[in-house]
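Trainee: Could you take me through a close look at a single part of this model, and then show me how that part sits among its surroundings?

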Amino acid sequence: MSAPASPPRTAAALAARERRVKDMLQRIEATVAELRHRHTAVTFQAVARKAGVSRTFLYENPEARSLIETARERGEGAGRPERHHGSEAETAWRERALNAEDGLKTAHAEIRRQRSRMGQLLGQIRDLEAGWSDESVTRLVEQNAQLKQRVQQLSQDQRQMEERLQAARTNNRFQDRRIAQLEAQLLEHTGGS
């Protein structure tokens, strides 16, 4: 039994994904070769940054991982001259410095964005405050106090009305029972005569 044929869109998407993966693998291979040529430490982070791929891809793709691990194994051989050990440490520090510099640039950009937003908000607050005089603020406070008193009064009135309604319903039920009793007595009296 043969596998069902993929729809044209799915096949095209799979082909595009394969091309993307192949392109990324070529960039990774070139980056590894460049780092080895410069006698720079081949790390997942350095390869990801220079090749423009994610570290997740490097760890999850077996070919990419193999390229990096093979380069690391070759780079740590015993036949390597002693002078490169110092350059490895220097390269690691350089890489850390570049990462720190990237982080610092990102942080500065975020700080500038936040400061700009804070300035806009403070300007809006000042605009709102500038439109109110002391008299209008006092008047609004007084009106607010009056409205609160009115709400309290209306709430109290509502409670009283609910109590009255409850009492009226109770009276109504009592009257209904009394009417039923009187009708029963009337029927007994007229029926017995």
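Mentor: Let us begin with a contact between a side chain and the backbone: in this predicted model, a polar atom of the Asn61 side chain lies 3.0 Å from the backbone nitrogen of Glu63. Asn61 itself is found in the loop that runs between helix 3 and helix 4, and because its relative accessibility is 13%, where the cut-off for buried is under 20%, Asn61 counts as buried. Leaving aside residues up to four places away in sequence, Asn61 touches Val21 and Leu25.

The helices on either side of this loop, helix 3 (55–60) and helix 4 (62–75), each supply at least two residues to the core I turn to now, as do helix 1 (8–37) and helix 2 (44–51). This is the largest nonpolar core, with 17 residues, and among these Ile28, Val47 and Leu58 touch the most other members. In soluble globular proteins, nonpolar side chains tend to be buried together. To see the surroundings of one of these residues, consider Val47, which, not counting residues up to four places away in sequence, touches Ile28, Thr31, Val32, Leu35, Val42, Gly52, Leu58 and Ile68.

For another loop residue to set beside Asn61, look at His39, which is placed in the loop between helix 1 and helix 2. His39 has a positive phi of about 60°, although it is not a glycine. With a relative accessibility of 35%, His39 counts as partly exposed, whereas Asn61, at 13%, counts as buried.

Terms used:
Residues are numbered from 1 along each chain as its sequence is written. This is a predicted model: local features need pLDDT of at least 70, side-chain atom pairs count only at pLDDT 80 or more; totals for chains, interfaces and linings use all residues. Side-chain values use heavy atoms; hydrogens and water are left out. A nonpolar core is a set of buried Ala, Val, Leu, Ile, Met, Phe, Trp, Tyr and Cys residues joined through side-chain atoms within 4.5 Å. Buried means under 20% relative accessible area, exposed over 50%, partly exposed in between (1.4 Å probe, protein chains only). Helices (H or I, at least four residues) and strands (E, at least two) are DSSP runs, numbered from the N terminus. Contact means heavy atoms within 4.5 Å. A polar contact is a pair of N or O atoms within 3.5 Å; within protein, one must be able to donate a hydrogen and the other to accept it, and residues adjacent in sequence count only if both atoms are side-chain atoms.
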